[in-house]
Amino acid sequence: MPEKGTAQAQADPQNPPPLSDKALAVFAFAAYHQLESGEPVTGVVRRDGAGHKADEEAIAELREAGLVKVEENRVFFSDQGEAVLGALIGALRTVGGTS
């Protein structure tokens, strides 16, 4: 049986379900790293061993929505998750006048 949210994500990949601030923070973290490095970010580390960790409720919410896949200590964005990250970065660039 597919996880809750996955059918919605597959049926309408351009419109993810509403996300909590904690779930959005995962994308904000990834956006920061992508903008800072100039390299595409396809996922984030769940726990970095230095005390930083992704919020487990946020990761569960993103998994339910079909936006990420979790493997061991890594969280990988699905195609729709990468689209959400791209839209967030595009919105930041628009606000910053660099689109």
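This is a short walk through the sheet of this model and the helices that pack around it. Keep in mind that the model is predicted.

Let's start with the sheet. It is open and has 3 strands. The order is E1-E3-E2, and the pairing is antiparallel. Which strands are the edge strands? They are E1, residues 43-45, and E2, residues 68-71. Each of these pairs on one side only. From one strand to the next, the twist averages 20°.

Now look at E2 and E3. Strand E3 covers residues 74-77. E2 and E3 run antiparallel, and 4 bridges join them. To find the register, take valine 70: its bridge partner in E3 is valine 75.

Next, what packs on the sheet? Helix H3 does, residues 56-64. H3 touches E2 and E3. The direction of H3 makes about 125° with that of E2.

H3 also packs with a helix. That partner is H2, residues 21-37. The angle between H2 and H3 is about 85°, and their axes are 8 Å apart. An angle of 65 to 115 degrees counts as roughly perpendicular, so H2 is roughly perpendicular to H3.

Who meets whom in that contact? From H2 come Lys22, Ala23, Val26 and Phe27. From H3 come Glu57, Ala58, Ile59, Glu61 and Leu62. How do the residues of the contact of H2 with H3 divide? There are 6 nonpolar and 3 charged residues, with no polar ones.

To recap: H3 packs on the sheet at E2 and E3, and H3 packs with H2 at about 85°.

Note on methods: Residues numbered from 1 in each chain as written. Predicted model: local features only at pLDDT ≥ 70, side-chain atom pairs only at ≥ 80, totals over all residues. Heavy atoms only, no water. Pairing = 2+ DSSP bridges. Helix = DSSP H or I, 4+ residues; strand = E, 2+ residues; numbered from the N terminus. Axes fitted to C-alpha atoms, helices over the stretch in contact; angles between N-to-C directions. Contact = heavy atoms within 4.5 Å. Parallel < 35°, antiparallel > 145°, perpendicular 65-115°, else oblique. Nonpolar A, V, L, I, M, F, W, Y, C, P; charged D, E, K, R; others polar.
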